[in-house]
Amino acid sequence: MGEVPPYGHDGPASSASATARARLAADRADTLARAAALSRDFDGIVAANALVAVDDEHDPEGGTTAFERAHVAALMAQTREHLEELDRALERLERGQYGRCDGCGGAIPPERLEIRPAATTCVHCAEADPRRA
């Protein structure tokens with residue numbers, strides 16, 4: 001298999017590098033805003049629970065509140081993970097490795113990177129191992 005040029009290091013593709021950086025930065029800003037909103041939601045749920053005497057055994061709302069708190073906590077964890085993925089993608093971009101598949105070393109199609117800017121695998125490798133998608 002031939003050498004795959006680094007994303008954005010082959011002439012006209014340097015504008016592709018700037019586009020990728022802008023896309024990653026925009027996704028990161030959106031994710032930070034989502035994290036802040038989720039944190040406010042979580043704090044609101046906790047504060048609302050603190051205002052009432054909680055008797056989990058007899059409180060008909062206890063299960064709902066616990067579910068809401070757990071749901072928001074899970075969404076916060078997913079958001080933190082996505083931020084980490086975006087940061088790793090920015091690091092790959094700086095090293096000239098952005099747009100290369102971790103599985104086969106081939107190029108990740110620009111269309112895939114447009115949809116999933118932090119993608120680390122090409123479509124073929126993602127289909128072969130869905131955990132790496």
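Is Cys 125 buried or exposed? Cys 125 is buried, because its relative accessibility is 14%; buried means under 20% relative accessible area, exposed over 50%, and partly exposed in between (1.4 Å probe, protein chains only). The legends below begin with the whole chain and then turn to individual sites.

This is a predicted model, in which local features need pLDDT of at least 70 and side-chain atom pairs count only at pLDDT 80 or more, while totals for chains, interfaces and linings use all residues. Residues are numbered from 1 along each chain as its sequence is written, and side-chain values use heavy atoms, with hydrogens and water left out.

**Figure 1. Overview of the protein chain, which has four helices and zero strands.**
Along the sequence, the pattern reads α-α-α-α. Helices (H or I, at least four residues) and strands (E, at least two) are DSSP runs, numbered from the N terminus. The protein chain has 133 residues, of which 27% are buried. About 8,400 Å² of the protein chain is exposed, and carbon and sulfur atoms supply 56% of this area; accessible areas come from the Shrake-Rupley method with a 1.4 Å probe, and for residues only the protein chains shown count as cover. Among contacts in the protein chain with a separation of 6 or more, 58% are between residues 24 or more positions apart. A contact here means heavy atoms within 4.5 Å.

**Figure 2. The largest nonpolar core, a group of 13 residues.**
A nonpolar core is a set of buried Ala, Val, Leu, Ile, Met, Phe, Trp, Tyr and Cys residues joined through side-chain atoms within 4.5 Å. The members that touch the most other members are Leu 24, Ala 89, Leu 93, Tyr 98, Cys 101 and Leu 113. Two or more residues come from each of the elements α1 (14-50) and α2 (62-95). Helix α2 gives the most to this core, namely three residues. In soluble globular proteins, nonpolar side chains tend to be buried together.

**Figure 3. Salt bridges, three in number.**
A salt bridge is a side-chain nitrogen of Lys or Arg within 4 Å of a carboxyl oxygen of Asp or Glu. One of the three joins the side chains of Arg 21 and Glu 94, with an N to O distance of 2.6 Å. This pair links distant parts of the chain, since Arg 21 is in helix α1 and Glu 94 is in helix α2, 73 residues apart. Arg 21 counts as partly exposed because its relative accessibility is 33%, whereas Glu 94 counts as exposed because its value is 57%.

Another salt bridge is formed by Asp 87 and Arg 28, whose closest N and O atoms are 2.6 Å apart. Here too distant parts of the chain are linked: Asp 87 lies in helix α2 and Arg 28 in helix α1, 59 residues apart. Asp 87 has a relative accessible area of 28% and is therefore partly exposed; Arg 28, at 26%, is also partly exposed.

The side chains of Arg 88 and Glu 81 meet in a salt bridge at 3.6 Å, N to O. Arg 88 is partly exposed at 38% relative accessibility, and Glu 81 is partly exposed with a relative accessible area of 36%.

**Figure 4. Asp 27, a buried residue without a salt bridge.**
Asp 27 lies in helix α1. The nearest side chain of opposite charge belongs to Arg 34, 5.1 Å away; Lys and Arg count as positive and Asp and Glu as negative, with His and the chain ends not counted. Not counting residues up to four places away in sequence, Asp 27 touches His 82, Leu 86 and Pro 117.

**Figure 5. Cysteines in a structure with zero disulfides.**
A disulfide is a pair of cysteine sulfur atoms within 2.5 Å. The cysteine sulfur closest to that of Cys 104 is in Cys 101, and no bond is possible because the distance of 3.8 Å is too far. Cys 104 is partly exposed, with a relative accessible area of 40%. Cys 125 is likewise in no disulfide, its nearest cysteine sulfur being that of Cys 101 at 3.6 Å.

**Figure 6. His 71 in helix α2 and Pro 110 in helix α3 (residues 110-115).**
His 71 is partly exposed because its relative accessibility is 42%. Its C-alpha atom is 9.4 Å from that of Phe 42, and the two residues are 29 residues apart in sequence. Pro 110 is partly exposed, with a relative accessible area of 49%. The C-alpha atoms of Pro 110 and Ala 16 are 9.0 Å apart, although 94 residues separate the pair along the chain.
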